[in-house]
Amino acid sequence: MERDTIAEIITSIRNVDMDRKRVVLIASTNITQNIVQILLREGFIENVRKHRKNNKYFFGFNPAT
C-alpha cells in the first residue's frame, strides 16, 4: 500500500490548526521538501526550518493564520 504524502501533510497542518498548536513537524524527504516550498511560496505556511532528531530530519513550520 502506498502512502499519500500530500494528504498526510495537509492533515498534519489541519490537525495542528484545530489543536491551536504552533508547529507542524513532518518527515524530510525530497517530495515533502518540494511540497513545503510550494506551500511557503503560496502563503499557506511560514517560518520553515529543518530539524534533526535521532538522526532523522524533519521540517518544522507554522501554519499561516
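Which residue stands opposite K53 in β3? The answer is K56. This pair belongs to a small protein fold described below from a predicted model, in which local features need pLDDT of at least 70, side-chain atom pairs count only at pLDDT 80 or more, and totals for chains, interfaces and linings use all residues. Residues are numbered from 1 along each chain as its sequence is written, and side-chain values use heavy atoms, with hydrogens and water left out.

## Confidence and elements

The pLDDT is the predictor's confidence in each residue, from 0 to 100. Its mean for the protein is 85, and 97% of the residues reach 70 or more. Helices (H or I, at least four residues) and strands (E, at least two) are DSSP runs, numbered from the N terminus. Among the elements, helix α1 (residues 5-18) has the lowest mean pLDDT, 85, while helix α2 (residues 30-41) has the highest, 90.

## The sheet

In what order do the strands of the open sheet lie? The order is β1-β3-β2, with 3 strands and antiparallel pairing. Strands β1 and β2 stand at the edges with a single partner strand each, so one side of each has no neighbour in the sheet. From one strand to the next, the twist averages 30°.

Two strands pair if DSSP finds at least two bridges between them. Strand β2 (residues 45-53) is joined to β3 (residues 56-63) by 7 bridges, and β1 is joined to β3 by 4 bridges. The table lists several residues together with the residue that each faces in β3.

| Residue | Partner in β3 |
|---|---|
| I26 | F59 |
| K50 | F59 |
| R52 | Y57 |
| K53 | K56 |

F59 thus appears opposite I26 and is also the bridge partner of K50.

Strands β2 and β3 form a hairpin with 2 residues between them, and N54 in the turn has a positive phi of about 55°. N55 is found in the loop between β2 and β3. This residue has a positive phi of about 60° although it is not a glycine. The accessibility classes used here are buried (under 20% relative accessible area), exposed (over 50%) and partly exposed (in between), with a 1.4 Å probe and protein chains only. N55 counts as exposed because its relative accessibility is 60%.

## The helices against the sheet

Contact means heavy atoms within 4.5 Å. Axes are lines fitted to C-alpha atoms, for helices over the stretch in contact, and angles run from 0 to 180 degrees between N-to-C directions. Helix α1 lies across β1, β2 and β3 and runs at about 160° to β1. Helix α2 also lies across β1, β2 and β3, running at about 155° to β2.

## The nonpolar core

A nonpolar core is a set of buried Ala, Val, Leu, Ile, Met, Phe, Trp, Tyr and Cys residues joined through side-chain atoms within 4.5 Å. Which residues make up the largest nonpolar core? There are 11 residues in all: I9, I13, V16, V24, I26, I35, V36, L39, I45, F59 and F61. The elements that give two or more residues to this core are α1, β1 (24-27), α2 and β3.

I45, a member of this core, is placed in strand β2. Its relative accessible area is 2%, so I45 is buried. Not counting residues up to four places away in sequence, I45 touches I13, V36, L39, L40, F61, N62, P63 and A64. The C-alpha atoms of I45 and M18 are separated by 15 Å, and the two residues are 27 residues apart along the chain.

F61 is a further core member. Leaving aside neighbours within four places in sequence, F61 is in contact with I13, R22, V23, V24, I26, V36, I45, E46, N47 and V48.

## Two asparagines

Is N62 buried or exposed? N62, which lies in strand β3, is buried because its relative accessible area is 18%. Beyond its neighbours within four places in sequence, N62 is in contact with R22, V23, I45, E46 and N47.

N47, by contrast, is found in strand β2 and counts as exposed, at 53% relative accessibility. N47 has a positive phi of about 55° although it is not a glycine.

## A salt bridge

Side chains of opposite charge can pair when their charged atoms come close. A salt bridge is a side-chain nitrogen of Lys or Arg within 4 Å of a carboxyl oxygen of Asp or Glu. By this rule the count comes to 1 salt bridge. R41 forms a salt bridge with E42, and the closest N and O atoms are 3.7 Å apart. R41 counts as exposed, with a relative accessibility of 61%.
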